[in-house]
Amino acid sequence: MFDIQKIREDFPILSRMVYNKPLVYLDNAATTQKPLCVLDAMREEYLNVNANVHRGVHYLSQQATDLHEEARETVRRFINAPSTSEIIFTRGTTEGLNLVAASFTEEMMKEGDEVIVSVMEHHSNIVPWQLQAAKKGIAIRVIPMDETGKLDIKEYEKMFNEHTKLVSVAHVSNVLGTVNPVKQIVKIAHDHGVPAMIDGAQSTPHFRVDVQDIDCDFFVFSGHKMYGPTGIGVLYGKEQWLDKLPPYQGGGEMIESVSFEKTTFERLPFKFEAGTPDYVATHGLATAIKYIENIGIDNISRHEQELTEYCMKRLEAIDGMRLFGTVKGKDAVVSFLVGNIHHLDMGTLLDRLGIAVRTGHHCAQPLMDRLGIQGTVRASFALYNTKEEIDVLANGIERVVKMF
Ligand code: C6P
C-alpha cells in the first residue's frame, strides 16, 4: 500500500530544515532525492565488493561484474526491452541523445537530410543535432504546438519528405508536463520508413514505460531523476539499429581486438561502452528501480496525478496566475508566472519559505520563445510529495503576491 509517511522516512533529507523552515522539495524534475536503500547499496558495494568489471578473473571482479550485469537485466525488465544487449549504460539522458545524434548522423545522414524534433524539447535534444548540423549540413525541423502545450500532430504528418531520417521527441515536457502521444508519433514515423527516438527523462520516473509497446527505435533516460544516483543513464536501442551504428567513443571495454593496423569492436552493448563504467552507479540505479517496483509504478502514477491536479486547482485560484501547460492528463510538472512578478523573485522568496522550486528557462529556451516569456517558476513532484506541501506552496505564492 502507498504509505506516504513511511515512504518519506526512506528519504532522510526530506525532514531537514532550511532557513528554520521544513524543507518542501518541489524540484524533482531537476533531480529526485535518494532513498536510503540506494545509498546503502552503493556504500556496501564500495565497502565490500569494489573491483573493476569485465576484466579480472578474481572473486571481487566477478562479483562486481555480476552486480553490474544484473543491473542491466533490471533495467531491461523495467522498460520491457527484448534483450540486455539493447541496454547501453550512459552518463544520462544527455549522453544518450549525443551518442545517437553523433553515431546516427555519421552513418545514416548526409547533407540536406532532416531530423524532426518538437518545439518543447530540452536543449539536450536540440544542441546535439545543431552540432551535427554544423559538421554535416543536416537540417532540424520542428513540430509546433498549440496554446495548451499539445503537439500539432497534423503538422507533424506533413513534415516528412525523402530527406527525413529520424524523429526525436520528448516523452514528457520538463516545462509543460505534456505527455506526448509517443506511440502515435513513432507509428507515423514508421509509416514513412523513419526511425524514432524518445527522450524519456521525464517519463520513466512517473509512469510505466514499455519500449516494445511504444515501438520506438531508441529510448533514453537518466537515473538521477528516478531516485537513482547521478552520472548514470540508459540508452535503449533496437539491435537492428545499434548494429548498424559506429561506436561513439573508443577505448577499453568496447573492443574485441586492437592492433595498430586494425581494431574490431565488441558485440552489443559493449561496443558503445568505452572505458570503465560506473558499475557502482548501475547497481544504485537497479536498487532505485526495485524500490519503485516495490511501491508500484502505477501507485506512484496515481499519487502524482492527484498531486498535479490538486496543484493546478490550488494555483488556478490565485489572482493573476498564468499556468503554462494545461493539457489534460499532464504529468508531475506545474509551470507558472503570477502577474508581473519575475520568476527569479518568486523563486527566491519561495526559497526563503523553505520551498525548493526551479526558475528560469529550464533548458528549453526555444519553448520559452514560443510562449513569449523568458522563464517560469516550476514545481515538480515525486512519489514522496504531499498535498500539504502543495498547500505550503500555494500559501507561499499568495504571500509573495501580497508582498508585491
Ligand atoms: N531536465 C530539468 O530541471 P540529464 O541532465 O542528462 O540527466 O537530462 C537532460 C534532460 C533531457 N531531457 C529532458 C526532457 C529533461 O528534462 C532533461 C533534464 C532537468 O528540467 C535539468 S535541466
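## Polar contacts between the domains

A polar contact is a pair of N or O atoms within 3.5 Å; within protein, one must be able to donate a hydrogen and the other to accept it. The model here is predicted. Between domain 1 and domain 2, 22 residue pairs are in polar contact, both residues being at pLDDT 80 or more. On the side of domain 1 that touches domain 2, three elements give two or more residues: α11 (297-316), β14 (333-338) and α13 (365-371). Helix α13 supplies the largest share of that side, six residues. By residue class, the same side of domain 1 holds 20 nonpolar, nine polar and seven charged residues.

Two salt bridges cross the interface of domain 1 and domain 2. Elsewhere in the count, the structure as a whole holds 20 salt bridges. Glu 147 pairs with Arg 370 in a salt bridge. Their closest N and O atoms are 3.1 Å apart.

## Domain layout

How is the chain divided? The domain assignment gives domain 1 as 4-30 + 296-403 and domain 2 as 40-293. Domain 1 is therefore written as two segments, while domain 2 is one, in bounds that come from an automatic or database assignment. The centres of the two domains, taken over C-alpha atoms, are 28 Å apart.

Where they meet, 36 residues of domain 1 are in contact with 32 residues of domain 2. The area buried between them is about 2800 Å². Carbon and sulfur atoms give 55% of that area. In domain 1, Ile 297, Asp 331 and Arg 370 lose the most area to domain 2. Together these three account for 23% of what that side buries. Arg 370 is also the partner of Glu 147 in the salt bridge described above.

## Ligand surroundings

Which residues come nearest to the ligand? There are 16 residues around the ligand, and Thr 94, Asp 199, Gln 202, Ser 222 and Arg 358 come nearest.

Three side chains can be described atom by atom. Ser 222 places a polar side-chain atom 2.7 Å from an oxygen atom of the ligand. His 224 has a polar side-chain atom 2.7 Å from an oxygen atom of the ligand. For Lys 225, a polar side-chain atom lies 3.1 Å from a nitrogen atom of the ligand.

## A salt bridge within helix α3

Glu 73 and Arg 76 join their side chains in a salt bridge, 2.9 Å from N to O. Both residues lie in helix α3 (residues 59-79). They are three residues apart, about one turn of the helix.

## Backbone exceptions

Most residues other than glycine have a negative phi, and most peptide bonds are trans. Two sites in this model depart from that pattern.

His 54 is not a glycine, yet its phi is positive, about 65°. His 54 sits in the loop between α2 (36-48) and α3. The other site is the bond that joins Leu 268 and Pro 269, a cis peptide bond with omega of about 0°. Pro 269 belongs to the loop between β12 (263-265) and α10 (279-295).

Technical notes
Residues are numbered from 1 along each chain as its sequence is written. This is a predicted model: local features need pLDDT of at least 70, side-chain atom pairs count only at pLDDT 80 or more; totals for chains, interfaces and linings use all residues. Side-chain values use heavy atoms; hydrogens and water are left out. Contact means heavy atoms within 4.5 Å. Buried area is the accessible area (1.4 Å probe) that two parts lose on being put together, summed over both. A salt bridge is a side-chain nitrogen of Lys or Arg within 4 Å of a carboxyl oxygen of Asp or Glu. Helices (H or I, at least four residues) and strands (E, at least two) are DSSP runs, numbered from the N terminus. Ala, Val, Leu, Ile, Met, Phe, Trp, Tyr, Cys and Pro count as nonpolar, Asp, Glu, Lys and Arg as charged, and the others, Gly among them, as polar. A residue is near a molecule or strand if one of its heavy atoms lies within 4 Å of it.
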